[in-house]
Amino acid sequence: MALQPEHVTFNSLGTTCAGDLYLPEETPAPALVLGHSGVMVKEALAYFAPYFVSAGFAVLAIDYRTVGSSEGEPRGLEYPDWQVDDFRSAVSYLQSRPEVLAERIGLWGVSIGGSVAVQAAVMDRRVKAVVVQSPSVWNGWRYLERLLGREGLQAMRDQLDEDWQRRYETGASLRVPHLSLDHDSARQAHELSSRIYPTYRNEKTLDSAEHLLTFAPENLIHRLAPTPLLMIANGHYDPYHVLEEAQSAFAKAGEPKRLEILPYDVLGLYTGPGLEEAMELAVDWFDRYLRRRRLPDATPAPTVETVDAMRR
C-alpha cells in the first residue's frame with residue numbers, strides 16, 4: 001500500500017526533528033507516533049504506517065534528533081533518553097494538528113524504539129496506549145553483556161575510557177558502526193537498508209554506548225499502568241530481541257497488558273507473514289484503547305446543589 005506522507009518538522013527541546021505524517025480519509029482521528037530502532041530512519045517505518053492509516057489512525061513516523069532528516073550535531077547520537085524526549089515532542093506536535101483527536105494519541109516502537117516508547121509513556125500521561133514490537137533493550141547493561149559476553153563488554157568499557165579522554169581533549173567521540181551483525185539474513189537486510197534509504201548511515205558515536213549502558217526502562221515499566229501495553233515478541237531464534245528479556249519486563253508491568261509471542265525469528269516481524277500478524281494485533285489494541293475506550297474524566301468539585309441532588 002503506497003501512501004504519500006506530508007513531510008513535517010517539529011521542535012524537540014531546541015532541535016528540529018523531521019517526521020512523515022500520514023492522514024486517514026476521515027479526520028479528526030486518533031493518532032500514533034511511530035519510532036524506529038537505534039539510528040534507523042523514518043522511511044523504514046513506511047512499511048508499518050499503512051496498516052494503521054487504513055484502520056483510520058493518523059500516523060507520525062519520526063527521525064530522532066541527529067538521525068536521518070532531523071537536525072542535530074554530531075550525527076548519530078543514539079541516546080535513548082533524548083529519544084524519549086523526541087517521542088514526547090512528537091505528541092505535542094500531533095496535538096497541534098486539527099486532524100488529530102488530541103486526547104487519543106498512542107505510541108508504537110520497534111526493537112529498542114519500543115522500550116523508548118514505554119519510557120516516554122511512563123513520563124507522559126498524554127499517551128493513552130503503547131505497542132512494542134520485537135522488544136529488545138530493557139536493561140542496557142545486561143543487554144550488552146548478553147550480546148557481547150563479559151570479555152566483550154569489558155573491551156568496550158576499555159574503549160569508552162579511551163574515548164572519554166579523546167572527548168576531553170578534542171570534544172569529539174569516535175565514530176563506530178551502528179550495527180555489526182553476525183546473523184546472515186539480518187546482516188543482508190541491514191546492508192539493503194544502507195542502499196535503499198538515502199538518509200541512513202550505519203554509524204554512531206562511541207559514547208552512545210555509555211547512554212545505552214545506563215538505559216533501563218524495566219526499572220520504570222511498573223509505573224506505566226494504567227496506560228495499556230501490548231508487547232509483540234519474537235518466539236523463534238533471535239539473538240537481538242531475546243524473548244526472556246521481553247517476558248521479564250512484561251512481568252513487571254501493570255494491567256492492562258498483553259504479551260503475544262509469535263513464532264518468527266529476528267526478521268520475522270519486519271516482513272510477512274509475521275508482519276501481517278503483528279500489525280493486526282497492534283491495530284486491534286489501538287482500536288480498543290484509543291478509539292473505543294472511554295477516557296477518564298476529572299471529577300468536578302462538589303457544590304451545594306450537587307450534594308443536595310445526591311440526597312434526593
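This is a short talk on one protein chain, from its overall dimensions down to a few backbone details.

A word on the source before anything else: what you see is a predicted model. Every value I quote is computed from it.

I will start with the whole chain. The protein has 9 helices and 10 strands. For 312 residues, a compact globule would have a radius of gyration near 20 Å, and the protein has 20 Å, so the two agree. The C-alpha trace spans about 75 × 40 × 40 Å along the principal axes. Please keep both results in view, the radius of gyration and the three spans.

On burial, 53% of the 312 residues count as buried. The exposed surface of the protein comes to about 14,800 Å², with carbon and sulfur atoms supplying 51% of that area. As for contacts, take those with a sequence separation of 6 or more: 75% of them are between residues 24 or more positions apart. On charge, there are 31 positive and 43 negative charges, and their mean positions lie 6 Å apart.

Next, the strands near the N terminus. Strand β1, residues 6-12, runs antiparallel to β2, and 7 bridges join them. One of the pairings is T9 with A18, the latter in β2. β1 and β2 form a hairpin with 2 residues between the strands, and in that hairpin L13 takes a positive phi near 50°.

β2 also pairs with β4, again antiparallel, through 4 bridges. Here G19 stands opposite I62 of β4. So what about the burial of strand β2, residues 15-22? Of its 8 residues, 7 are buried, so the strand is largely enclosed by the rest of the structure.

Following β2 towards β3, residues 29-35, we come to a loop that holds P28. The peptide bond from T27 to P28 is cis, with omega near 0°. A cis bond also joins A225 and P226, where omega is about 15°. P226 sits in the loop between α6, residues 208-213, and β9, residues 229-234.

Now to T66. This residue is in the loop between β4, residues 58-62, and α2, residues 80-95. T66 is not a glycine, yet its phi is positive, about 70°. Is T66 buried or exposed? Its relative accessibility is 4%, and the cut-off for buried is under 20%, so T66 counts as buried.

Which residues does T66 touch, leaving aside neighbours within four places in sequence? The contacts are E71, G72, E73, P74, R75, G76 and L77. For a distance across the chain, take T66 and V176: they are 110 residues apart in sequence, and their C-alpha atoms are 15 Å apart in space.

The last residue is S111. S111 lies in the loop between β5, residues 100-110, and α3, residues 112-123. S111 is another residue other than glycine with a positive phi, in this case near 60°. At 10% relative accessibility, S111 counts as buried.

To close, three places to look at in the model. One is β2, with β1 and β4 as antiparallel partners. Another is the pair of cis bonds, T27 to P28 and A225 to P226. Then there are the positive phi values at L13, T66 and S111.

Key: Residues are numbered from 1 along each chain as its sequence is written. This is a predicted model: local features need pLDDT of at least 70, side-chain atom pairs count only at pLDDT 80 or more; totals for chains, interfaces and linings use all residues. Side-chain values use heavy atoms; hydrogens and water are left out. The radius of gyration is taken over C-alpha atoms; the globule rule is 2.2 Å times the number of residues to the power 0.38. Buried means under 20% relative accessible area, exposed over 50%, partly exposed in between (1.4 Å probe, protein chains only). Contact means heavy atoms within 4.5 Å. Accessible areas come from the Shrake-Rupley method with a 1.4 Å probe; for residues, only the protein chains shown count as cover. Lys and Arg count as positive and Asp and Glu as negative; His and the chain ends are not counted. The place of a charge is taken as NZ of Lys, CZ of Arg, CG of Asp or CD of Glu. Two strands pair if DSSP finds at least two bridges between them.
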